Amino acid sequence: IGYGDGDDATEITDMRGSYLSIFLRHAFQVKDPSKLSRIILRVDYDDGFIAYLNGREVARAYMGPAGTEVEASELATGAHEAGVPTELDLGMASAVLKAGKNVLALQVHNKDINSTDLSSTVELESRRRSASPRAVARPVINEVFVPSGAGSPAPGRAPAFVEIYNP
């Protein structure tokens, strides 16, 4: 769900210049959480998000300190471009899910009311930890920032960086 990137299955055509955030929720059934292993939350987002599972905050990025309430009209505290999903291990399924109805909710905010895009893709996955201690790392480049102009950044300007993500 989003707009501006040309890759959204559900496009929000009236968001730019009108409102900063969207709220999504999806109910799903779990027969027996004890039969599942670890729960992984995978989020691909632009610019900030807060995720809730059964009413409990389980993750956030660029939305201030964990546990603080965020109004619908608040800006994301940083800019993040979608493209490489963030994966978070929420722990054992039996600790975060319940038998019967469960609800995953996502609050997604833009950094600017006139932002050219917003992206939100979220998944939950039950995953077993690798039994092999020799698991191969698969780092990927998550984000690259190169300020305009060459050489050292001017005072007060952010330096160039490459963010590497190891799923």
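A residue counts as buried here when its relative accessible area is under 20%, as exposed when that area is over 50%, and as partly exposed in between. By that yardstick, 37% of the 167 residues of this protein are buried. Please keep in mind that you are looking at a predicted model.

**Overall layout**

The protein holds one helix and ten strands. Reading from the N terminus, the elements follow the order β-β-β-β-β-β-α-β-β-β-β. Take the contacts between residues at least 6 apart in sequence: 73% of them join residues at least 24 apart. The accessible surface amounts to about 10100 Å², and carbon and sulfur atoms account for 53% of that area.

**Strand β7 and its partners**

Let us turn to strand β7, which spans residues 100–109 and is mostly covered, with eight of its ten residues buried. Strand β2 (residues 21–30) runs antiparallel to β7, and ten bridges join the two. Within this pairing, Ala27 is found opposite Val103 of β7. Strand β4 (residues 48–53) also pairs with β7 in the antiparallel sense, over six bridges. Here Ile50 faces Gln107 of β7 across the pairing, standing opposite this residue.

**Salt bridges**

Five salt bridges turn up in a search of the whole structure. Three of them are listed here, with the closest N to O distance for each.

| Acidic residue | Basic residue | N to O distance |
|---|---|---|
| Asp89 | Arg38 | 2.8 Å |
| Glu87 | Arg42 | 2.8 Å |
| Glu125 | Arg42 | 2.5 Å |

The side chains of Asp89 and Arg38 meet in a salt bridge. This pair links distant parts of the chain, since Asp89 sits in strand β6 (residues 86–92) and Arg38 in strand β3 (residues 38–46), 51 residues apart. With a relative accessibility of 35%, Asp89 is partly exposed.

Glu87 forms its salt bridge with Arg42. Because Glu87 lies in strand β6 and Arg42 in strand β3, the pair ties together parts that are 45 residues apart in sequence. Glu87 is partly exposed, at 22% relative accessible area, whereas Arg42 has 16% relative accessibility and counts as buried.

Arg42 also forms a salt bridge with Glu125. Glu125 belongs to strand β8 (residues 118–127) and Arg42 to strand β3, so this pair connects parts that are 83 residues apart in sequence. The relative accessible area of Glu125 is 26%, which means that Glu125 is partly exposed.

Finally, Arg42 is part of a network of salt bridges that also links Glu87, Glu123 and Glu125.

Methods:
Residues are numbered from 1 along each chain as its sequence is written. This is a predicted model: local features need pLDDT of at least 70, side-chain atom pairs count only at pLDDT 80 or more; totals for chains, interfaces and linings use all residues. Side-chain values use heavy atoms; hydrogens and water are left out. Buried means under 20% relative accessible area, exposed over 50%, partly exposed in between (1.4 Å probe, protein chains only). Helices (H or I, at least four residues) and strands (E, at least two) are DSSP runs, numbered from the N terminus. Two strands pair if DSSP finds at least two bridges between them. Contact means heavy atoms within 4.5 Å. Accessible areas come from the Shrake-Rupley method with a 1.4 Å probe; for residues, only the protein chains shown count as cover. A salt bridge is a side-chain nitrogen of Lys or Arg within 4 Å of a carboxyl oxygen of Asp or Glu.
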